[in-house]
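Here's a quick walk through how the helices and strands of this model sit against each other. Have the structure open while you read.

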Amino acid sequence: SMSIDLYQILWAGGKVDTGIQMAKIYSDISKENTRLTKNLIKKSVSSLFYSILYTKEIVNINRDNLELSKQHLETTQEKFKQGLASDLNVLRQNVEVSNNEPALIKSENLYKTGLLNLKNLLGFNFDDEINIKGDFNCSYNNYDFNDLYKKALLNRPDYRLSVLNKKMSEKQLKLEEAGHWPTLSAFATKQFSGVSDSGFPKENLRGWSFLAGVKFSMPIFSGFSVISKVKQAEYNL
């Protein structure tokens, strides 16, 4: 015996078309998630870069302050030897040097930590040498805040994701509501059967049959599961 069966949905309350549309929206959501991840990486690298650049300048300032305070200490000590300054002035200058040294050490440690974080973010080895070069030239003149705000809003991946997720929820609601509608489908079956004591049945011992039609299926009661799914989709939306 053998049979060939064909089955084709003709109408299912919009389930098929809605499912295809949801798949396309999901594809767009995946693209936006990828775009969001790329933007977050760019933002993290840029923020960390400027943070390291800022810390580097702080290191230079603290180093200059320390060198300047040491020079003042030497000058004050010379004046003290000549009787032009008191021991209190020397002590005060020593305290200033002592205060500037920890500030330099702290800023240097922050700079080194920033470099390590940047290496980790970029996927470098911690032993790799990197050199930070750049400036804070971020001036932007003659801009329209409202225009920039609109552009920023439209280009934000999280905003675009919210729009796509809303569309997905609307399609999901439509899909669940289709559970109330009947299904119309076409079917065709061609069957072969034969009987033989040995070998393939001869022509007079085998026969073919063919059946085709349209099937109409109407949901009458499903234990309120469709109603519950519709409510759930509404709440999600």
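Let's start with a helix pair: the axes of helix H3 (residues 145-155) and helix H4 (residues 157-177) come within 5 Å and cross at roughly 60°. That angle makes H3 oblique to H4. On the terms: helices (H or I, at least four residues) and strands (E, at least two) are DSSP runs, numbered from the N terminus. Axes are lines fitted to C-alpha atoms, for helices over the stretch in contact, and angles run from 0 to 180 degrees between N-to-C directions. Angles under 35 degrees count as roughly parallel, over 145 as roughly antiparallel, 65 to 115 as roughly perpendicular and the rest as oblique.

Before going on, note that this is a predicted model, where local features need pLDDT of at least 70 and side-chain atom pairs count only at pLDDT 80 or more, while totals for chains, interfaces and linings use all residues. Residues are numbered from 1 along each chain as its sequence is written, and side-chain values use heavy atoms, with hydrogens and water left out.

Which residues of H3 and H4 meet? On the H3 side they are Leu 153, Leu 154 and Asn 155, and on the H4 side Pro 157, Tyr 159 and Arg 160 (contact means heavy atoms within 4.5 Å). Sorted by class, the H3 and H4 contact has 4 nonpolar residues, 1 polar and 1 charged. Here Ala, Val, Leu, Ile, Met, Phe, Trp, Tyr, Cys and Pro count as nonpolar, Asp, Glu, Lys and Arg as charged, and the others, Gly among them, as polar.

Helix H1 (residues 15-81) takes part in two further packings, one with H4 and one with H2. H1 and H4 are roughly antiparallel to each other, and H1 is also roughly antiparallel to H2.

| Pair | Axis distance | Angle | Contact residues |
|---|---|---|---|
| H1 and H4 | within 9 Å | roughly 165° | 10 nonpolar, 6 polar, 9 charged |
| H1 and H2 | 8 Å | about 160° | 18 nonpolar, 15 polar, 7 charged |

H1 passes H4 in a left-handed crossing, and the crossing of H1 and H2 is left-handed too. A crossing is left-handed if the near helix is turned anticlockwise from the far one by less than a right angle, and right-handed if clockwise.

How many salt bridges does the structure hold? There are 6, a salt bridge being a side-chain nitrogen of Lys or Arg within 4 Å of a carboxyl oxygen of Asp or Glu. One of them joins Glu 108 to Arg 63, with the closest N and O atoms 3.3 Å apart. This pair links distant parts of the chain, with Glu 108 in helix H2 (residues 87-122) and Arg 63 in helix H1, 45 residues apart.

Now for the strands. An open sheet of 3 strands runs in the order E1-E2-E3 with antiparallel pairing (two strands pair if DSSP finds at least two bridges between them). Strand E1 (2-11) and strand E3 (206-217) stand at the edges with a single partner strand each, so one side of each is left without a neighbour in the sheet. On average, neighbouring strands are turned by 10° against each other, direction ignored. E1 and strand E2 (residues 183-194) pair over 9 bridges, and Met 2 stands opposite Phe 192 in E2. E2 and E3 pair over 12 bridges, with Ala 186 opposite Val 214 in E3.
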